[in-house]
Amino acid sequence: MTLWGHRVSRQLRLGLLALAPILIVFILLVFFPPDGNERAKWAQFIGRLHPLVVHFPIALVLLVPVLELAGLNSRFSHLRLAVDFVLGLATVSAIVAAMLGWCLARSGGYSGPIMTQHMWGGILLAAVCCLCWMLRASANQPGWRLLYSAALAIAVVLVAWTGYRGGQLSQGEDHLTEYMPAGLRHALRLSDAALTISSSGANTFYGARVEPIFAARCFTCHGPHKHRANLRLDSYVSLMRGGKNGPVVRAGNAQASNLFRRITLSPDHDDFMPKGGKRPLSPGQAKLIELWIAAGASGTLPLDAIQDAPAGSTSPAVVEVTFEEIDAAAAASQRAPVASELARLQKKFPNILEYESRGSADLLLNASILGPKFGDYDLAALSPLAEHITVADFSRTAITDRSAIAIAAMKRLRVLRLTHTGITDPTLESLGALDQLESLSVFDTRVTPAVLPTIARLPKLAHFYVGQTAIPARISVPKALTGKLVF
């Protein structure tokens, strides 16, 4: 076999070997696509190297045609000697970037068509880079040369398209057109984003005042093409349905609404929204959302129904977010029976217990902060406060069915989140007396359809989140649960 034949054979074998990890990422994307749920912290840590690594294949792929074209000139023909090496590096870095991208998307709470398209673009780019590298060994032959050139052109197009999708994920869908000069926008026949009419109607308070805030500030992560934590804010129905941990708006009570709580936190708080160093909502925008929720969070509320609303839903004008006056003495009296016990338990379990509002003795319990460090024994220790807890989040904790009695003792629960826990049917079957429960999430648990008759008896239940459980999407449910199951 000639020297050229040995080189082709060796490069072909190495190229086929490189296809193995590409096939692995392909299988992972097909069977374990990003679904909007956060998972292992170590996978998120590894995945966050993706934005760093992804620039290597971009630069290397774009460098190859530069070397090839420059090498056509006899003075720079030596540059073409580096093409095989550069293509090999591009292939390896594209594979690594695709793997890290899957880790980030699968474990980081991402989902949506743009995310999926970006990932497919990355996998295809890795495959095409590998193909180019194998074809380059035979590029001296006329027919193979044409095939190699076509594959290289496709790689360049994939870099541009995949990079554009990545930019939409990180900077927003209109990142290339947001600040485009009006003349160029008109020449390209692009619509003016500022003139986009609300999908909910310009004659409603939500459509004219609230939805434009979400469109301007929230759609990057919670829009139609990307929805972190399975939360979409691009329609009224999606907003009221909530995300993976249940509803984010409690109609009539802004202070108990997770959406309002998170947009009014300190920007350095872990739960603050919007994340990623993005500019906080202005006080005027937060005030509009507060007033809308307090007025009932209706999608059909007339535009002029709230008389004291700040002018301009996206105005940066400074408007103070105020709270209703409370009777401090009355609030202290209501809290007196639990104050000492609450203080003791707050020392034992920092940051997971707080009052629902400034004037209420009702309690919010967020044990998810402690994750697997919080178990059945810890939940039992909270029993003195059980009747005062109205919202309880046990997501990702270590509780099991041994906590069924303790949870059932929380008679005034409105929201209960058991996502990613070890609970099964016995726990849910013990909840039949929770007649105030409005939202129940058992996402990613071993709950089965056997619990449906019990859950159907809960009179105020509006949403039952059952994604990734043994309850199938097309199951026949009791009439009382019609339209309430969320997968």
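1. Let's start with one residue, Gln-44. You'll find Gln-44 in helix H2, which covers residues 41-47. Bear in mind as you look around that this is a predicted model.

2. Is Gln-44 buried or exposed? Its relative accessible area is 8%, and the cut-off for buried is under 20%, so Gln-44 counts as buried. Leaving aside residues up to four places away in sequence, Gln-44 touches Glu-38, Arg-39, Ser-107 and Gly-108. With Ser-107 there is a polar pairing to look at: a polar atom of the Gln-44 side chain sits 3.2 Å from the backbone oxygen of Ser-107.

3. Now zoom out to the whole chain. It has 18 helices and seven strands. Of its 487 residues, 46% are buried. The accessible surface is about 24,400 Å², and carbon and sulfur atoms hold 63% of that. If you take the contacts with a separation of 6 or more, 62% of them are between residues 24 or more positions apart.

4. Next, the sheet. Seven strands make an open sheet with mixed pairing, and the order reads S1-S2-S3-S4-S5-S6-S7. Strands S1 (353-355) and S7 (485-486) are at the edges; each has a single partner strand, so one side of each has no neighbour in the sheet. As general background, strands of a sheet pair through backbone hydrogen bonds, in either a parallel or an antiparallel way.

5. Strand S3 (residues 389-393) is a good place to pause. How many of its residues are buried? Five of the five, so to speak: the strand is mostly covered. S3 runs parallel to S2 (residues 363-366), and four bridges join the two. To get from S2 to S3 the chain passes through helix H15 (residues 376-381), and this β-α-β crossover is right-handed.

6. On the other flank, S3 is joined to S4 (residues 415-417) by three bridges, again in parallel. S4 in turn pairs with S5 (residues 439-441) over three bridges, also in the parallel sense.

7. You can follow a trail of partners across these strands. Asn-366 stands opposite Asp-393 in S3. Asp-393 has Arg-417 as its bridge partner in S4. Arg-417, for its part, stands opposite Ser-441 in S5.

8. One last thing to find is helix H14, residues 328-348. H14 lies across S1 and S2, and its direction makes an angle of about 150 degrees with S1.

Definitions and conventions:
Residues are numbered from 1 along each chain as its sequence is written. This is a predicted model: local features need pLDDT of at least 70, side-chain atom pairs count only at pLDDT 80 or more; totals for chains, interfaces and linings use all residues. Side-chain values use heavy atoms; hydrogens and water are left out. Buried means under 20% relative accessible area, exposed over 50%, partly exposed in between (1.4 Å probe, protein chains only). A polar contact is a pair of N or O atoms within 3.5 Å; within protein, one must be able to donate a hydrogen and the other to accept it, and residues adjacent in sequence count only if both atoms are side-chain atoms. Contact means heavy atoms within 4.5 Å. Two strands pair if DSSP finds at least two bridges between them. A crossover is right-handed if, with the strands pointing away from the viewer, the path from the first strand over the helix to the second runs clockwise. Accessible areas come from the Shrake-Rupley method with a 1.4 Å probe; for residues, only the protein chains shown count as cover. Axes are lines fitted to C-alpha atoms, for helices over the stretch in contact, and angles run from 0 to 180 degrees between N-to-C directions.
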